[in-house]
Amino acid sequence: MPLDLIIGAQWGDEGKGRITDLLAAEADIVARYSGGDNAGHTITVGEQIFKLHLIPSGIVHPHTICLLGSGMVVNPAILLGEIDHLGSLGVDVSPQRLKLSSAAHVLTPAHIALDAAEETRRSGDMLGTTRRGIGPAYKDKAARSGLRLGAMRRPEDFASQVQEHMQAAGEVLERIYGFDSPDPDEVAGIYCDYAKRLRPYLTDVGGHVAQALEDGATVLGEGAQGTLLDLDHGTYPFVTSSYPTTPGALLGLGVGPKHLRRIIGVTKAFQTRVGSGPFPTEVFDETAERLRGTGENPWDEFGTTTGRPRRVGWLDCVLLRYAVRVNGFTELALTKLDILTGLDPLKLCAAYRQEEDRHKDLPDGPADLSPFTPEYNELPGWHNDLWEARHWDDLPPEAQNYIGRVEELTKLKVKLISVGPEREQVIRRDIEA
Ligand code: GDP
Ligand code: IMO
Ligand code: MG
């Protein structure tokens with residue numbers, strides 16, 4: 001019966017995949033609802049590390065049905081690569097358990113080329129996109145000229161549509177941007193083959209989810225990106241082109257809010273961002289090096305999709321409160337608490353200063369954060385390794401105090417506390433008495 005959502009509360013990479021993996025054990029269906037392969041979700045299960053871009057993280061649990069919702073843009077080459085890779089690892093990726101919304105949009109090589117062309121034209125004002133073609137694919141959708149996955153049911157007709165789209169996009173690429181464009185006939189042929197392979201996976205995802213909820217199933221919506229990257233509610237224009245927030249989840253799954261139960265906001269214990277845009281609590285000194293890591297560990301702050309070093313900073317509770325408001329979170333999941341070990345004192349942004357004014361909440365959304373200076377709370381750090389902590393009482397008092405302050409500032413309970421990348425490295429206050 002319930003629909004639970006896992007939503008990024010920051011600028012992405014909060015550890016949504018890791019939290020999804022945890023809760024997927026208790027779910028029947030796991031569904032991605034927005035974005036495309038700009039997402040990179042890492043799941044660590046013992047020796048195995050899964051890096052997923054399109055397929056929901058729930059696929060790692062054999063009992064789940066996994067869905068790609070209508071709010072997504074799907075690069076079929078990436079999807080088939082993931083299907084083949086997971087299949088080679090012995091994961092069941094048959095159409096019985098992996099299903100694609102007919103209403104999701106198809107992403108093509110033209111979208112990828114246009115993404116690069118648009119970024120090049122922006123030059124010094126680059127958005128720092130993942131260059132996966134996301135913006136141009138959603139642009140076609142909004143212009144009502146996009147290709148939907150459902151068209152793959154008739155591969156030959158679909159190929160003609162792809163051919164026409166490539167032709168039209170090619171003219172823009174060549175004439176406006178002076179870029180080479182991929183050969184329309186070649187791409188159409190390749191996409192015809194993709195259609196033949198993906199056809200059996202197509203379904204009415206909204207209908208499937210609605211029926212499952214009526215039948216008493218537990219559905220977990222897996223967010224991609226994060227609230228501050230939301231097209232409407234993020235740090236525009238330094239955002240993605242989809243809606244990674246609660247409203248976007250309902251839109252991208254195709255169901256109403258009736259069955260909503262938990263809306264879990266996932267936040268790191270600090271702040272990170274890839275790409276350009278405002279970041280009031282960003283740090284650059286040795287603290288930054290500590291937070292980012294060197295790149296040696298899989299969890300160090302280097303992008304899963306792009307490999308770019310992530311920008312890092314102190315946790316910004318003004319922005320977190322904003323994310324709570326936009327999404328209506330019922331609780332928080334705090335990840336990477338272990339990374340703060342050894343940093344003493346810790347800082348946490350509790351408010352913004354603007355000359356004489358003090359703001360606990362954003363006066364006018366997050367698009368322009370330049371007038372503000374963070375006002376920090378300094379809290380004592382801890383030096384204990386947290387990797388073995390499994391219960392609240394295993395945490396040093398300073399860590400409890402840090403989480404308590406986050407709870408005070410957000411007026412929400414931190415119900416899940418992640419202290420390492422592994423499945424079991426978590427403190428579950430949602431099931432503890
Ligand atoms: P997502 O995009 O929100 O799913 O997050 P990513 O997978 O891109 O980035 C999170 C990274 O942090 C992954 O490498 C995770 O394995 C890792 N991770 C998640 N939670 C923790 C944690 O509590 N501690 C540590 N050290 N790593 C974590
Ligand atoms: P997950 O699901 C972090 C960022 C890009 C860029 C902006 C626009 O792993 O959390 P786009 O390619 O979407 O047009 O880029 O959004 N971005 C992400 N940053 N994690 C993600 O996904 C992201 N998806 C997009 O870096 O700043
Ligand atoms: Mg990621």
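**Entry 1: the largest pocket**

I began with the helices that line the largest pocket of this predicted model, and I found that α3 (109–122), α4 (134–142) and α8 (246–253) each supply at least two residues of that lining. When I looked up which of the elements gives the most, the record of my search came out as α4, with 7 residues.

I then turned to the pocket as a whole, for which I noted about 930 Å³ of space and a lining of 50 residues. Nearest the centre of the largest pocket I wrote down Asn38, Ile134, Val239, Thr240 and Ser241. Sorting the lining by class, I got 17 nonpolar, 23 polar and 10 charged residues.

**Entry 2: ligand 2**

Which ligand takes up the space of the largest pocket? I looked this up next, and the space turned out to be the one taken by ligand 2. I listed 20 residues around ligand 2, the closest being Asp13, Lys16, His41, Thr130 and Thr240, and by class I entered the shell as 7 nonpolar, 10 polar and 3 charged residues.

For the contacts, I noted that the side chain of Thr240 has an N or O atom 2.6 Å from an oxygen atom of ligand 2, and that Thr240 is also among the residues nearest the centre of the largest pocket. Asn38, another of those central residues, has a side-chain N or O atom 2.9 Å from an oxygen atom of ligand 2. From Val274 the contact comes through the backbone, where an N or O atom lies 3.1 Å from an oxygen atom of the ligand. I also checked how far ligand 2 is covered: taken alone it exposes 550 Å², and the protein buries 98% of that.

**Entry 3: ligand 1**

I moved on to ligand 1, whose space is the second largest pocket. The elements that give two or more residues to the shell around ligand 1 are α1 (16–24) and β3 (41–45). I counted 22 residues around this ligand, with Lys16, Gly17, Gly40, Asp338 and Ser418 as the closest, so I made a note to myself that Lys16 is listed among the closest residues of ligand 2 as well. By class, the shell around ligand 1 divides into 5 nonpolar, 10 polar and 7 charged residues.

Among the contacts of ligand 1, I entered an N or O atom in the side chain of Asp13, which is 2.9 Å from an oxygen atom of the ligand. A polar backbone atom of Glu14 is 3.0 Å from an oxygen atom of ligand 1, and a backbone N or O atom of Pro298 lies 3.5 Å from an oxygen atom of ligand 1. Taken alone, ligand 1 exposes 580 Å², of which the protein buries 98%.

Technical notes:
Residues numbered from 1 in each chain as written. Chains lettered and ligands numbered in written order. Predicted model: local features only at pLDDT ≥ 70, side-chain atom pairs only at ≥ 80, totals over all residues. Heavy atoms only, no water. Near = heavy atom within 4 Å. Polar contact = N/O pair within 3.5 Å; in protein donor to acceptor, adjacent residues only side chain to side chain. Areas by Shrake-Rupley, 256 points an atom, 1.4 Å probe, with all protein chains shown as cover. 1 Å grid on protein atoms, 1.4 Å probe; cavity = no way out; pocket = protein on both sides within 12 Å on 5 of 7 lines; lining within 4 Å. Sits in = over half its atoms within 2 Å of the grid points. Helix = DSSP H or I, 4+ residues; strand = E, 2+ residues; numbered from the N terminus. Nonpolar A, V, L, I, M, F, W, Y, C, P; charged D, E, K, R; others polar. Points joined across faces, edges and corners; volume = space filled by probe spheres on them.
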